[in-house]
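Reader: I'd like a close look at one part of this model rather than a tour of everything. Could you walk me through the sheet and whatever packs with it?

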Amino acid sequence: MAELEIGQHCRVEHCRQLDFLPFVCDGCSQVFCLQHRSRSAHGCSEVNLKNEDVKPDHHKSFLCMYKGCDGKELVPVWCSFCEKQFCLRHRHQSDHECEKLEIPKPHMAVTKQLVKNIVDSKKETTVTKRCKGAKSTETAAKVALMKLKMHACGDKSLPLTERIYFQVFLPKGNKEKSKPMFFCSKWSIGKVIDSAASLANLKNDNNKTTAKKLRLCHTISGEALPLDHTLTSWISNKEYPLYNGGNVILEYLDNEAQFLEDANSYLE
């Protein structure tokens, strides 16, 4: 009785393996085993011919219409205002200088000017008072300086020649009304605030985007001192100087606020 042969032999000459589930090449239509089923494995005679017939997959691209840009996208990116097509880099109105871009009014510039006018007017109302009390304030600061040096807290590593002493009036609602402190004359106002907040255990979120920021304010004008100014620049300020041994106010202000409404209330 003849043996029953199931399956087919691989057509590769040096293999000829009997495979019960042979593979048929879709190029040359020959039968191969698992090992030689790919075209490259059995050196398919039709592989080059097939590859030549396969057309490359060309994707349609959309060219950016912004002048000087050769960027392309696979999908169209339209500006809903000027109805022109751009790449992702120039998709926003401001990025492609949109002809229908509405330039917002300079609210910040107007606000700054308004604040400046208010500050200037506030300074004018206090200039007479300042002139009359300048000498007495300076004298009082010299007297207070001797007391402050005995009780003030601060960075003990600071050279004595660089120390500036203040009676720092703390934010309203704080348990302590004021605290004597000393700082380095070379420090910026921003660093002075950080040091004072640490010495008085005050919450300081000046490095975060918050509604209120901790600011150092002048006791006469109520002005919030610019963070990038140095203490030295305010000690030598001719119009509204800070005095070594004098008073300053630490308070939380809104981001746009430039001065305290009633600085005198802190000193009462």
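Author: Here's a look at the sheet, then the core, then a patch on the surface. Keep in mind that this is a predicted model.

Let's start with the strand order. Four strands make up an open sheet, running E8-E7-E10-E9, and their pairing is mixed. At the edges sit E8 (178-184) and E9 (212-218), each of which pairs on one side only. Going from one strand to the next, the twist averages 35 degrees.

Zoom in on the E9 side. E9 and E10 (residues 246-254) run antiparallel, and seven bridges join them. In this part of the sheet, Arg 215 stands opposite Glu 251 in E10.

Now for the core. The largest nonpolar core has 30 residues, and Phe 166, Val 168, Phe 183, Leu 216, Leu 231 and Leu 250 are the ones with the most contacts inside it. At least two residues each come from strands E7 (163-169), E8, E9 and E10, and likewise from helices H2 (107-151), H3 (189-199) and H4 (231-235). H3 gives the most, with five residues. As background, nonpolar side chains in soluble globular proteins tend to be buried together.

For contrast, try the other end of the numbering. Leu 18, Phe 20 and Leu 21 form a nonpolar patch on the surface, together showing about 340 Å² of accessible area. Leu 21 lies in the loop between strands E2 (18-19) and E3 (23-24). Leu 21 counts as exposed because its relative accessible area is 69%, and the cut-off for exposed is over 50%.

Notes:
Residues numbered from 1 in each chain as written. Predicted model: local features only at pLDDT ≥ 70, side-chain atom pairs only at ≥ 80, totals over all residues. Heavy atoms only, no water. Pairing = 2+ DSSP bridges. Axes fitted to C-alpha atoms, helices over the stretch in contact; angles between N-to-C directions. Patch = residues over 30% accessible without salt bridge, like charges linked within 9 Å, V, L, I, M, F, W, Y side chains within 5 Å. Areas by Shrake-Rupley, 256 points an atom, 1.4 Å probe, with all protein chains shown as cover. Salt bridge = Lys/Arg side-chain N within 4 Å of Asp/Glu carboxyl O. Buried < 20%, exposed > 50% of the residue type's maximum accessible area, 1.4 Å probe, protein only. Core = buried A, V, L, I, M, F, W, Y, C linked by side-chain atoms within 4.5 Å.
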